[in-house]
Amino acid sequence: MKKLLFIVLTVFTLTSCVKSPENCYQCKADQIFNAKTEVCDCVQPFPESERPVLKTDGYNFWDSVCKYFTYSVSYKNPETYPYYSHEGDTLLLCGWIDHTPLEKRVYSRDSTLVKISLMDDSVSAAMRTSSNDLNCIACPVSLLGKIDMDKMAYLKGIITFSMLNVGFFELNSPADPDKDCVIPYYAFKVLEIKNLKE
């Protein structure tokens, strides 16, 4: 009797997997079953229809840049990230620099670059007194000292996907690299910064 019950349960399980394969896959909380490929895909932080278009001939807010480059991929398949082709692209940013005191800022290993946050409004910038975002804006210390923090800043720089290009080293690895999803690192390296738009 036990043998017959075991066979019936096995057949039922196998046939239910054929009819509804998502029941047989154990997707993590940050994944969703893809019926077309029959694998667990990473859940994206927002719908693709909400991804902003970056201006190539004008200034962008940092929030828009972050939203554009935020895309979740499997930790074991980072090459599926669709934006690596933007490595070295020049971008223009505008906004207000956070009011973190220089002594509390995060510096690169060689102390030539410092992390800054760029806010969409002056009130948010004045209230923010720490700038330790993982995806960051790396500004040369020599340029930051010439900027009036109470005025809008206009930045020109490049996008990079390597922490080594901006001199910061941080490790962000998931607990289970075989299944967890991650958002690849990106940064904006400032080449020019000013208070007046040209």
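# Cysteines, strand E7 and the nonpolar cores

Reader: Does Cys 66 count as buried or exposed, and at what relative accessibility?
Author: In this predicted model, Cys 66 has a relative accessibility that lies below the 20% cut-off under which a residue is called buried. Cys 66 therefore counts as buried, and its relative accessibility is 17%.

Reader: Which cysteine has the sulfur closest to that of Cys 66, and how far away is it?
Author: A disulfide requires two cysteine sulfur atoms within 2.5 Å, and the closest cysteine sulfur to that of Cys 66 is too far away for a bond. Seen from the other side, Cys 136 is in no disulfide either, and the nearest cysteine sulfur to it is that of Cys 66. Cys 136 is buried, with a relative accessible area of 1%. The cysteine asked for is thus Cys 136, and its sulfur lies from that of Cys 66 at a distance of 9.7 Å.

Reader: Which cysteine forms a disulfide with Cys 27?
Author: The structure holds two disulfides, and in the one that includes Cys 27 the sulfur atoms are 2.0 Å apart. This pair links distant parts of the chain, since Cys 27 is in the loop between helix H1 and strand E1, while its partner, 13 residues away, is in strand E2. The value about the S-S bond is -85°, and the link is left-handed. The partner of Cys 27 is Cys 40.

Reader: Are Cys 27 and Cys 40 buried, partly exposed or exposed?
Author: A residue between the cut-offs of 20% and 50% is called partly exposed. Cys 27 has a relative accessible area of 28%, and Cys 40 has a relative accessibility of 24%. Because both values fall in that range, Cys 27 and Cys 40 count as partly exposed.

Reader: What is the torsion about the S-S bond of Cys 42 and Cys 181?
Author: A disulfide joins Cys 42 to Cys 181, with an S to S distance of 2.1 Å. The two cysteines lie in distant parts of the chain, 139 residues apart, with Cys 42 in strand E2 and Cys 181 in strand E9. Both Cys 42 and Cys 181 are buried. The disulfide is left-handed, because the torsion about its S-S bond is about -95°.

Reader: How many of the five residues of strand E7 are buried?
Author: Cys 136, Ala 138 and Pro 140 point one way from E7, whereas Ile 137 and Cys 139 point the other way, and all are buried. Strand E7 is therefore largely enclosed by the rest of the structure, and the number of its five residues that are buried is five.

Reader: Which residue is the bridge partner of Ala 138 in E10?
Author: E7 pairs with strand E5 in the antiparallel sense over four bridges, and in that pairing Ala 138 stands opposite Lys 115. E7 also pairs with strand E10, in the parallel sense and over three bridges. In E10, the bridge partner of Ala 138 is Lys 189.

Reader: Which element gives the most to the largest nonpolar core?
Author: The largest nonpolar core has 29 residues, and those with the most contacts inside it include Trp 62, Ile 137 and Phe 188. At least two residues of this core are supplied by each of several elements, among them helix H2, E5, E7 and E10. The element that gives the most, with five residues, is H2.

Reader: What is the phi of Ser 111 near?
Author: Most residues other than glycine have a negative phi. Ser 111 lies in the loop between E4 and E5 and is partly exposed, with a relative accessible area of 45%. Ser 111 is a residue other than glycine with a positive value, for its phi is near 65°.

Reader: Which side chain is joined to that of Thr 160 by a polar contact of 2.9 Å?
Author: Thr 160 is found in strand E8 and is buried, with a relative accessible area of 2%. A polar atom of the Thr 160 side chain lies 3.3 Å from the backbone nitrogen of Ser 162. Beyond its neighbours within four places in sequence, Thr 160 is in contact with residues including Asn 165, Tyr 185 and Ala 187. The side chain that shares the polar contact of 2.9 Å with Thr 160 is that of Glu 87.

Notes
Residues are numbered from 1 along each chain as its sequence is written. This is a predicted model: local features need pLDDT of at least 70, side-chain atom pairs count only at pLDDT 80 or more; totals for chains, interfaces and linings use all residues. Side-chain values use heavy atoms; hydrogens and water are left out. Buried means under 20% relative accessible area, exposed over 50%, partly exposed in between (1.4 Å probe, protein chains only). Two strands pair if DSSP finds at least two bridges between them. A nonpolar core is a set of buried Ala, Val, Leu, Ile, Met, Phe, Trp, Tyr and Cys residues joined through side-chain atoms within 4.5 Å. A polar contact is a pair of N or O atoms within 3.5 Å; within protein, one must be able to donate a hydrogen and the other to accept it, and residues adjacent in sequence count only if both atoms are side-chain atoms. Contact means heavy atoms within 4.5 Å.
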